[in-house]
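Dear colleague,

I am passing on to you the structure that we talked about, together with some notes on what came out of looking through it. Please read the notes with the structure open beside them.

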Amino acid sequence: MCGIVGIVGNSPVSQYLYDGLTVLQHRGQDAAGIVTISDNTFRMRKANGLVKDVFHTRHMLRLQGNIGIGHIRYPTAGSSSSSEAQPFYANSPFGISFAHNGNLTNAEELKDWLYKEARRHVNTTSDSEILMNILAHELQTTDSLDLTPDDIFKAIKNLHKRVRGAYATVALIIGHGMVAFRDPNGIRPLVFGKRETAKGVEYMVASESVALDACDFEFVRDVAPGEAIFFTEDGQLHSYQCAENPKYSPCIFEFVYFARPDSTIDNMSVYASRVEMGNKLAAKIAADWDDIDIDVVIPIPETSCDIALQIANHLDIPYRQGFVKNRYIGRTFIMPGQEQRKKSVRQKLNAISAEFAGKNVLLVDDSIVRGTTSEQIIDMARASGAKKVYFASAAPEIRFPNVYGIDMPSANELIAHGRELDDIADLIGADKLIFQTIDDLIAAVRTGNPDIKTFETSVFNGQYITNDIDNSYLEKLDAARNNETKESGDKNADSIIDMHNEGSE
């Protein structure tokens, strides 16, 4: 999962890009990058690290220009090399800088086609660079140096025909403007906004609406599945539906875990969705656990706090904050490497013993993925004196790999894969375990926008929305990831010449 921003302004945009990336930091903590255009030249800074660590005053001063894009990266295949930090750059045609959130399911096929047919070299293992080169190839078929909006939309229409998977993207085309587009299923989120200034209208695109809020842009709407929007350098907006059969199938895990609660995605409030998840789960607990004596409801901060509060209210049980979170530790689920995740749990959370001692505790979390975090938190509750520890997950059992940009490609890493409820409870050490049903989860999220008929829910039911995933694909993906993980300790970005990064310092 990654975060993207892009701005076409009437004054320097680097600070707004920085601010937008900062509020999207929850979407990725591995690397960050910004590209702006000034004097018909791309100016770039990207490196591994958090936004606040990647960009210093000297970098911001170099990032001049009234148009730019930014990216924060969270690796989806085990690699955290800085050579794969975005935005990427292609010098032909025109000059393109590109940022992408998502994952392509036919990346190897596309890479082979690029080499054999388009004669384009891909310098990293990132499918984002593949996607950029597909766009570049389609733009190169135009006959004129003056790109029209129709030329750009035709290129993206052809791209949709070649590419499968999840992608929300923003790209700069030097001398022309900025284009943003979304895959035909709308799996990954993308919104845009505007603001009026004395010099005219400015536009911004971002992965979540919260980035627009932080930069004082007014939310206009979501970019529709399959749609492309072209913003010229002088502030004109052109949009076109570039997919033949677009349909809304947004990733439901955005609402469960990834997105900020103050964001709105596809006209659905993330906060309201989580509140309704709590209501649905509370009803299930009341029906299935009528013989269970619960003294207190405690959330595992922070995503599950709103969910747990609704459960407590619904069941008329006290709600307490039993864990204190160290806000200087990142989100454990999106940290690269299992050992790093294990180590960070104890650094991230500390229990308030008085809230556990002698009580039957219901812990509430948004989901259970690998189970490592859940097991350690239950151990902490018992060590703090809890008599019984019950556990509720606001999401159903995660049994299948994700192929659309979330770092859970291996089924063997998922605690629920091939296991029943009691087995999972035993492994994490819970006295009792309950999961939300998939129907209740969908109903909870759809409350904000009943027009959404389907969601991307493959991690729960194994039904992949792109209809191109089988067991051989998943086995190949798992093998590639395991191999990359083994090799990652021997490689780093310093061994690769990055010609487009404006210095490592």
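To begin with a question, is strand β4 (residues 67-73) mostly covered or mostly uncovered, and how many of its residues are buried? Please bear in mind throughout that this is a predicted model. In that model β4 is mostly covered, with seven of its seven residues counted as buried. In a regular strand the side chains alternate between the two faces of the sheet. For β4 the cover extends to both faces, since I67, I69, H71 and R73 are buried on one side, while G68, G70 and I72 are buried on the other.

The neighbours of β4 within its sheet come next. Strand β1 (residues 3-8) runs antiparallel to β4 and is joined to it by six bridges, and within this pair I7 stands opposite G68. Strand β2 (residues 31-38) is likewise antiparallel to β4, with seven bridges between them, and here A32 has I72 as its bridge partner. Strand β1 also pairs with strand β10 (residues 200-206), in the antiparallel sense and over four bridges, and V8 stands opposite Y203 of β10.

Taken as a whole, this is an open sheet of seven strands, in the order β3-β2-β4-β1-β10-β9-β11, with antiparallel pairing. The edges are held by β3 (41-48) and β11 (218-222), each of which has a single partner strand, so that one side of each is left without a neighbour in the sheet. On average, and ignoring direction, neighbouring strands of this sheet are turned by 15° against each other.

There is also an open sheet of six strands, in which the order is β5-β6-β7-β8-β12-β13 and the pairing is again antiparallel. Its edge strands are β5 (88-90) and β13 (237-241), and because each has a single partner strand, one side of each lacks a neighbour in the sheet. Here the average turn between neighbouring strands, direction ignored, is 20°. Within this sheet, strand β7 (residues 165-173) and strand β8 (residues 177-182) run antiparallel and are joined by six bridges, with A180 in β8 as the bridge partner of V170. Helix α5 (residues 127-140) packs on the sheet, where it touches β5, β6 (96-104), β7 and β8, and its direction makes about 125° with that of β6.

One residue outside these sheets may be worth finding on your screen, namely P261, which lies in the loop between α8 (253-258) and β14 (264-265). Its relative accessibility is 36%, and therefore P261 counts as partly exposed, the range for that class lying between 20% and 50%. Leaving aside residues up to four places away in sequence, P261 touches V270, Y271, R274 and D306. The C-alpha atoms of P261 and H59 are separated by 31 Å, and these two residues are 202 residues apart along the chain.

As for the protein overall, it contains 16 helices and 21 strands. Its radius of gyration is 23 Å, close to the 23 Å that the globule rule gives for 505 residues, so the protein is as compact as a globular protein of that length. The C-alpha trace spans about 75 × 50 × 45 Å along its principal axes, and 58% of the 505 residues count as buried. Among contacts with a separation of 6 or more, 71% are accounted for by residues 24 or more positions apart.

With best wishes

Technical notes. Residues numbered from 1 in each chain as written. Predicted model: local features only at pLDDT ≥ 70, side-chain atom pairs only at ≥ 80, totals over all residues. Heavy atoms only, no water. Buried < 20%, exposed > 50% of the residue type's maximum accessible area, 1.4 Å probe, protein only. Helix = DSSP H or I, 4+ residues; strand = E, 2+ residues; numbered from the N terminus. Pairing = 2+ DSSP bridges. Contact = heavy atoms within 4.5 Å. Axes fitted to C-alpha atoms, helices over the stretch in contact; angles between N-to-C directions. Rg over C-alpha atoms; globule rule 2.2 N^0.38 Å.
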